[in-house]
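User: Please take a close look at the pockets and cavities of this model. I would like to know which residues line them and what classes those residues belong to.

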Amino acid sequence: MSPFTGSAPRTDTWHHLAYAVDPHGVATVTLARPEKLNALTFGAYADLRDLLAELSRERAVRALVLTGEGRGFCSGGDVDEIIGATLAMDTAQLLDFNRMTGQVVRAVREAPFPVIAAVHGVAAGAGAVLALAADFRIADPSARFAFLFTRVGLSGGDMGAAYLLPRVVGLGHATRLLMLGDAVRAPEAERIGLVSELTDEGKADAAALALARRLAEGPALAHAQTKALLTAELDMPLAASVELDAATQALLMTGEDYAEFHAAFTEKRPPAWQGK
């Protein structure tokens, strides 16, 4: 996302989610409809898409934690406000909606900072895909993931799930999860690689925040380029990947952080990373 902006002002208030940023440059985005298990609405999708775009342009945030208020992370799209509403839409409107949900996933993957999903309780449907799109998934023992799209008569390949999930857990596990829509509880999710870290009960948010702060204190530009290469090279042949790696490293070797590491090593002190 380019940092250059036009006439659009910065958004001061987000109506469909809670947002905060701490002095460390760690943003926390909270899905905040606990009475509905944080079921997503049209407005919540749009706010997530637009907030991630703004943060990507501003470059002030160095890591982001995505979490859910109450008993679960996110139960997916709201049955009444989305599924019921889409039954009355024509094809053009349905395409616009489905493209928007995909834009949220792209915004998570293309953000120039790490995104950490802190998962407790249910992460179902679109909620499971949001967690899947994150760079890290920190979960407590109550977490359960369910890709429910076939259960409502739709393709399991929603919001990029058929692209991302095989690359995280392998084709065999992805086929099972997307075809059957069965819930995967935290221990199995950790075993198959869907969970990055399994915490004690009720500790996922704290662990995600600790990881976010560790990342925020590190070399932000190096993290951004690592994330970009991980995404870009998923479908590249080895020769193209090696060439892209070489070009990226050559650019980063002209940066301030690379010189700062050498200076800090020589002076026997921790590096003061600038993200440049």
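Analyst: The pockets come before the cavities in what follows. The model is predicted: local features need pLDDT of at least 70 and side-chain atom pairs count only at pLDDT 80 or more, whereas totals for chains, interfaces and linings use all residues. Residues are numbered from 1 along each chain as its sequence is written, and side-chain values use heavy atoms, with hydrogens and water left out.

The search runs on a 1 Å grid over the protein atoms alone: a pocket is an open set of points with protein on both sides within 12 Å along at least five of seven lines, a cavity is a set where a 1.4 Å probe fits but cannot get out, and lining residues have an atom within 4 Å of a point. Grid points are joined across faces, edges and corners, and a volume is the space filled by probe spheres set on the points.

The largest pocket has a volume of about 660 Å³. It is lined by 28 residues, of which G77, I83, F149, V152 and L154 are the closest to its centre. Two elements, α2 (79-86) and α3 (91-110), give two or more residues to this lining; helices (H or I, at least four residues) and strands (E, at least two) are DSSP runs numbered from the N terminus. The most comes from α2, with five residues. By class, the lining of the largest pocket holds 15 nonpolar, nine polar and four charged residues, where Ala, Val, Leu, Ile, Met, Phe, Trp, Tyr, Cys and Pro count as nonpolar, Asp, Glu, Lys and Arg as charged, and the others, Gly among them, as polar.

The second largest pocket holds about 390 Å³ of space. Of its 18 lining residues, R109, A134, D135, L230 and T231 are the closest to the centre. At least two residues each come from β6 (136-139), α5 (161-169) and α9 (220-232), and α9 gives the most, with five. This lining divides into 10 nonpolar, three polar and five charged residues.

As for enclosed space, the structure has two cavities of 30 Å³ or more. The largest cavity, of about 50 Å³, is lined by H16, L31, A32, R33, N38, A39, L40 and A44. Five of these residues are nonpolar, two polar and one charged.

The second largest cavity contains about 40 Å³, and its lining consists of V29, L48, L52, L64, L66, V108 and L130. Two or more of these residues come from each of α1 (42-58) and β3 (63-68). The lining of this second cavity has seven nonpolar residues, with no polar and no charged ones.
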